[in-house]
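Please open the structure in a viewer and keep the sequence at hand. The tour below proceeds by selection, with a short account of what each selection contains.

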Amino acid sequence: MRTSTRTLLAAALVLGVAAGPALGPAVAAQPAATARPARDADLAKTMAAAIAGLPRADATAALVRVGGTAGTWRGSSGVRDLESGAPADPAARFRAGSVTKVFTAATVLRLVAERRIDLDRPARAYLPDLIPARYGGVTVRQLLNHTHGIPAPNFPGETVEEWYEHRFDVYTPEELVRSATAKPREFRPGTRQHYLNIGYTIAGLIVERVTGDSYERQVERRILRPLSLEDTYLPGGAAGITGPYNHGYQTMRIGDGTTGLRDVSVWGTSDAWAAGDLVSTTADLERFTRALFAGRVVRGPLLEEMFTLPEVTDLETGAPAAYSVGLSMKRLGGREVWGKTGGRWGYNAAIGSTRDGSRTLVYSVNSTDAKGQDTNPTALRVMVAAYGLPD
């Protein structure tokens with residue numbers, strides 16, 4: 001849940017839309033944010049302000065749910081798509097990106113509770129045909145808390161325009177792991193932290209190996225069905241979103257060489273798989289978040305794994321580790337907030353909560369630069385409205 005105040009200060013350009021109207025007068029008469037009343041008047045005021053005025057240059061829609069004993073609020077803003085200008089659907093499905101990792105981690109921990117996986121056992125013990133000896137010391141826990149030292153696999157392209165051209169490429173988890181583990185390790189396992197998808201790709205394969213079942217069916221059986229998350233599913237790399245959704249857009253060079261917005265709602269997810277391909281709704285993710293923090297998904301000491309940061313530093317920044325097993329921690333408004341953000345092209349999402357569940361937050365923001373280096377300005381405003389400024 002990294003945030004950056006720089007994004008609040010950045011001035012954004014109003015950009016055109018590929019094959020659609022401009023983000024200007026043509027969609028200026030959009031409905032204001034819609035919301036259900038909150039028990040906390042200040043929360044209602046600040047949250048409504050955080051998502052007001054959409055669509056704008058950084059985002060075209062936002063869906064937000066705040067819960068817990070400290071006050072509740074639900075609201076939406078923006079448009080379903082820029083062509084029609086119809087109001088955003090608050091019940092729409094969206095790509096949740098790396099929020100998927102929380103579901104993967106919870107599934108692994110449930111298998112640990114059944115003694116089918118050991119967090120301290122090397123990953124190679126489960127996948128001897130796939131994990132080479134050079135990574136033989138990497139444990140399952142290190143896969144999940146990003147202290148494994150395995151680098152990212154190779155993908156074609158270096159710019160968003162090139163990645164867009166490859167949006168329908170299909171990757172198997174095994175080829176991603178082979179690509180990554182063919183490289184030298186980034187650091188000795190357990191000595192640093194580097195947030196990457198590859199650890200969760202390997203974790204998904206371990207789930208399949210120990211259960212003899214697909215990763216998708218195991219998540220459905222252990223989490224989705226018990227919690228009645230009926231609008232949440234794992235697409236298995238499918239490029240489209242099933243059911244109603246608010247369109248996602250990405251800033252890039254368009255056909256005439258100018259910079260504008262392109263509809264990127266249809267984009268394959270096999271590159272992410274168990275690390276980032278979940279599709280969900282804010283209602284489902286709120287239900288999951290409440291259940292997780294209440295100990296109804298993972299129980300006892302294993303739940304504490306999700307709230308324990310490794311005592312190492314980040315490889316890139318040198319800051320203390322911010323990622324646990326499945327979650328991350330950020331101090332906002334003088335308190336610890338645990339959760340997970342995610343980004344797929346056109347979509348930013350997050351779940352968050354205080355440990356006691358007094359304030360939960362779920363949002364989906366249709367960001368026009370969902371995989372940018374800084375937190376989307378609208379998403380950051382929502383987090384600050386819910387919890388306060390970063391310490």
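Begin with the interior of this predicted model. The largest nonpolar core has 70 residues, and F103, I202, F288 and M306 are the members that touch the most others. Helix α3, residues 100-113, supplies the largest share of this core, with 8 residues. Select F103 next: leaving aside residues up to four places away in sequence, F103 touches V219, I223, L224, L229, L278, L285 and F288. A second core, separate from the one just visited, has 23 residues, including L54, V64, V382 and A386.

Now display helices α3 and α9 together. How do their axes cross? They come within 10 Å and cross at roughly 80 degrees. An angle of 65 to 115 degrees counts as roughly perpendicular, and α3 and α9 are therefore roughly perpendicular to each other. On the α3 side, the contact is made by T100, F103, T104, A106, T107, R110 and L111, and on the α9 side by Y215, Q218, V219, R222, I223 and L224.

The next stop is a pair of strands. Select β7 (residues 249-253) and β8 (residues 259-263), which pair in the antiparallel sense over 5 bridges. Within this pairing, R253 stands opposite T259 of β8. The two strands form a hairpin with 5 residues between them, and in the turn G257 has a positive phi of about 90 degrees.

Turn then to the charged side chains. The whole structure holds 14 salt bridges. One of them joins E286 and R65, with an N to O distance of 2.9 Å. Because E286 lies in helix α10 (residues 282-293) and R65 in strand β3 (residues 59-67), the pair ties together parts that are 221 residues apart in sequence. Are these two residues buried or exposed? E286 counts as buried at 5% relative accessibility, and R65 also counts as buried, at 14%. Add R290 to the selection to show a network of salt bridges that links R65, E286 and R290.

Another salt bridge to select is that of D231 with R93, whose closest N and O atoms are 3.4 Å apart. D231 is in the loop between α9 (215-224) and β7, and R93 is in the loop between β4 (73-78) and β5 (94-97), so this pair ties together parts 138 residues apart in sequence. D231 is partly exposed, with a relative accessible area of 35%, whereas R93 counts as buried at 13% relative accessibility.

A further salt bridge is found between the side chains of E114 and R116, at 3.5 Å from N to O. Both count as partly exposed: E114 at 38% relative accessibility and R116 at 34%.

The tour ends with details of the backbone. Most residues other than glycine have a negative phi, and most peptide bonds are trans. Select L54 and P55, which are joined by a cis peptide bond with omega of about 5 degrees. P55 lies in the loop between α2 (41-51) and β3. Move next to R115, a residue other than glycine with a positive phi near 65 degrees. R115 is in the loop between α3 and α4 (123-126) and is exposed, with a relative accessible area of 78%. Finally, select S228, which is not a glycine yet has a positive phi of about 55 degrees. S228 belongs to the loop between α9 and β7 and counts as partly exposed at 36% relative accessibility.

Technical notes
Residues numbered from 1 in each chain as written. Heavy atoms only, no water. Core = buried A, V, L, I, M, F, W, Y, C linked by side-chain atoms within 4.5 Å. Buried < 20%, exposed > 50% of the residue type's maximum accessible area, 1.4 Å probe, protein only. Helix = DSSP H or I, 4+ residues; strand = E, 2+ residues; numbered from the N terminus. Contact = heavy atoms within 4.5 Å. Pairing = 2+ DSSP bridges. Salt bridge = Lys/Arg side-chain N within 4 Å of Asp/Glu carboxyl O. Axes fitted to C-alpha atoms, helices over the stretch in contact; angles between N-to-C directions. Parallel < 35°, antiparallel > 145°, perpendicular 65-115°, else oblique.
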